[in-house]
Structure formats: structure tokens, C-alpha cells
Amino acid sequence: MTSITPDRGSGRAVVASWPVTLGLHLARVATTIGAASILLLSVVPPGLRPVTGPHAAEHALAFLVLGVAAGLALPGRLPIHLLLAAGFTAAIELAQIPVPGRHARLADFAVDLTAAAIGLALVAAVRHRLARATRAAR
């Protein structure tokens with residue numbers, strides 16, 4: 001089974017096989033669950049949030065995984081994705097201000113945004129290399 005979708009860059013129709021379509025759907029679900037989990041864990045009181053390791057490492061890993069999932073879920077347009085990542089990470093920090101015991105930190109924002117950007121960039125780089133290899137094989 002195949003589906004026809006418009007290519008975001010050129011507007012031409014592209015035929016996508018069911019594994020590709022399924023992969024996109026799974027990546028979108030993972031992105032939604034990841035973003036919701038980060039939001040939830042960011043606004044609960046500190047005593048209710050699990051601690052799994054060093055603070056910066058927890059942030060970096062969570063946002064790196066979210067960046068990879070978002071890059072897989074929404075292919076193309078890296079600059080727009082980076083702006084969305086900046087908005088999301090800023091919103092996460094600002095949402096912590098009214099929560100007792102939680103604090104908005106510029107350092108957390110920097111770690112979160114950097115990790116998300118690395119995840120998005122990794123996916124974009126792999127996609128670029130695969131596309132180039134595919135064109136060269138033709």
C-alpha cells in the first residue's frame with residue numbers, strides 16, 4: 001500500500017510506502033508524548049519529579065530525544081523547527097515560574113535548546129546524506 005503526499009520543498013507529489021508512512025506516524029506520536037512528558041515533569045512540584053541523574057544530563061537527554069523524534073516526524077524546514085524548539089523550551093521554563101519550588105533558569109533553557117537543536121540537526125544531516133546518496137546511485 002502506498003500513499004501520495006506533496007514534497008514540502010518542491011510541491012511535487014511523492015509516493016510513500018506504508019513503512020515510511022507508519023514511521024512518520026510513530027515519530028509524530030513519540031514527539032507528542034515526549035513533549036507532553038517534558039511539560040508534565042517540568043510543572044510538577046520538585047518532590048513529585050523523579051531524579052535519574054545529573055540535572056543538566058537529564059535535560060540534555062530528554063531534549064535530544066525530543067529533537068530527534070521531531071526531526072523524524074516533521075521532515076524538512078530545519079530553520080522553522082529550530083524556532084519552534086526555541087519557543088517550546090522557553091515556554092517550558094516560563095511555565096515553571098508559578099510552581100512553588102520550581103525556577104525558570106537561563107542555563108536550563110540553553111541546555112534544552114542546544115540538545116533539541118542537535119537532535120534536529122542530526123536527523124537533517126542524515127536525511128541530506130541519504131538523499132545525496134540516492135541521487136548519486138541513479
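Helix axes here are lines fitted to C-alpha atoms over the stretch in contact, and the angle between two of them runs from 0 to 180 degrees between N-to-C directions. Keep that handy for the exercises below, which all use a predicted model.

**Exercise 1. Get your bearings: how many helices and strands does the protein have, and in what pattern do they follow one another?**

Step 1: Count the elements. The secondary structure comes to 4 helices and 2 strands.

Step 2: Put them in order along the sequence. The pattern reads β-β-α-α-α-α.

Step 3: Look at the whole chain. Of its 138 residues, 22% count as buried. The protein exposes about 8,900 Å², and carbon and sulfur atoms supply 74% of that.

Step 4: Check the contacts with a separation of 6 or more. Residues 24 or more positions apart account for 66% of them.

**Exercise 2. Describe how helix 1 and helix 2 cross, and find which residues meet there.**

Step 1: Start with what you need to know. Two packed helices are described by the angle between their axes and the distance between the axes.

Step 2: Read off both values. The axes of helix 1 and helix 2 come within 8 Å and cross at roughly 150 degrees.

Step 3: Add the hand. Helix 1 passes helix 2 in a left-handed crossing.

Step 4: List the partners. Helix 1 brings Leu-24, Ala-27, Arg-28, Ala-30, Thr-31, Gly-34, Ala-35 and Ile-38, and these meet Ala-62, Phe-63, Leu-66, Ala-69, Ala-70, Leu-72 and Ala-73 in helix 2.

Step 5: Sort them by class. This contact has 12 nonpolar, 2 polar and 1 charged residues.

**Exercise 3. Now do the job again for helix 2 and helix 4: at what angle do they cross, and is the crossing left-handed or right-handed?**

Step 1: Take the geometry. Helix 2 (residues 55-73) and helix 4 have axes that come within 7 Å and cross at roughly 35 degrees.

Step 2: Take the hand. This crossing is right-handed.

Step 3: Pick out some of the residues that make the contact. From helix 2 they include His-55, His-59, Phe-63 and Val-68, and from helix 4 they include Asp-108, Ala-115, Gly-119 and Val-123.

Step 4: Sort by class again. There are 14 nonpolar, 5 polar and 3 charged residues in the contact of helix 2 with helix 4.

Step 5: Zoom in on one residue, Val-68 of helix 2. Neighbours within four places aside, Val-68 is in contact with Gly-119, Leu-120 and Val-123. Val-68 counts as partly exposed because its relative accessibility is 28%, between the 20% and 50% cut-offs. Looking the other way, the C-alpha atoms of Val-68 and Thr-31 are separated by 8.7 Å, though the two residues are 37 apart along the chain.

**Exercise 4. Find the largest nonpolar core and say which helices supply it.**

Step 1: Recall the background. In soluble globular proteins, nonpolar side chains tend to be buried together.

Step 2: Name the members. The largest nonpolar core has 10 residues: Ala-35, Ile-38, Phe-63, Leu-66, Ala-70, Ala-85, Ile-92, Ala-115, Ala-116 and Leu-120.

Step 3: Trace the sources. Helix 1 (18-43), helix 2, helix 3 (78-95) and helix 4 each supply at least two of these residues.

Step 4: Follow one member outward. Not counting neighbours within four places in sequence, Ala-115 is in contact with Ala-60, Phe-63 and Leu-64.

**Exercise 5. Charged residues next: are Asp-108 and Glu-58 buried or exposed, and what do they touch?**

Step 1: Place them. Asp-108 is in helix 4 (residues 106-137), and Glu-58 is in helix 2.

Step 2: Apply the cut-off, which is under 20% for buried. Asp-108 has a relative accessible area of 6%, so Asp-108 is buried. Glu-58 comes in at 14%, so Glu-58 counts as buried too.

Step 3: List contacts, leaving out residues up to four places away. Asp-108 is in contact with His-55, His-59 and Glu-93. Glu-58 touches Arg-49, Pro-50, Val-51, Thr-52 and Gly-53.

**Exercise 6. What is notable about phi of Arg-77, and where does this residue sit?**

Step 1: Check the angle. Phi of Arg-77 is near 60 degrees, a positive value in a residue other than glycine.

Step 2: Locate the residue. Arg-77 is in the loop between helix 2 and helix 3.

Step 3: Check its exposure. With a relative accessible area of 47%, Arg-77 is partly exposed.

Notes. Residues numbered from 1 in each chain as written. Predicted model: local features only at pLDDT ≥ 70, side-chain atom pairs only at ≥ 80, totals over all residues. Heavy atoms only, no water. Buried < 20%, exposed > 50% of the residue type's maximum accessible area, 1.4 Å probe, protein only. Contact = heavy atoms within 4.5 Å. Left-handed = near helix turned anticlockwise from the far one by under 90°. Nonpolar A, V, L, I, M, F, W, Y, C, P; charged D, E, K, R; others polar. Core = buried A, V, L, I, M, F, W, Y, C linked by side-chain atoms within 4.5 Å. Areas by Shrake-Rupley, 256 points an atom, 1.4 Å probe, with all protein chains shown as cover.
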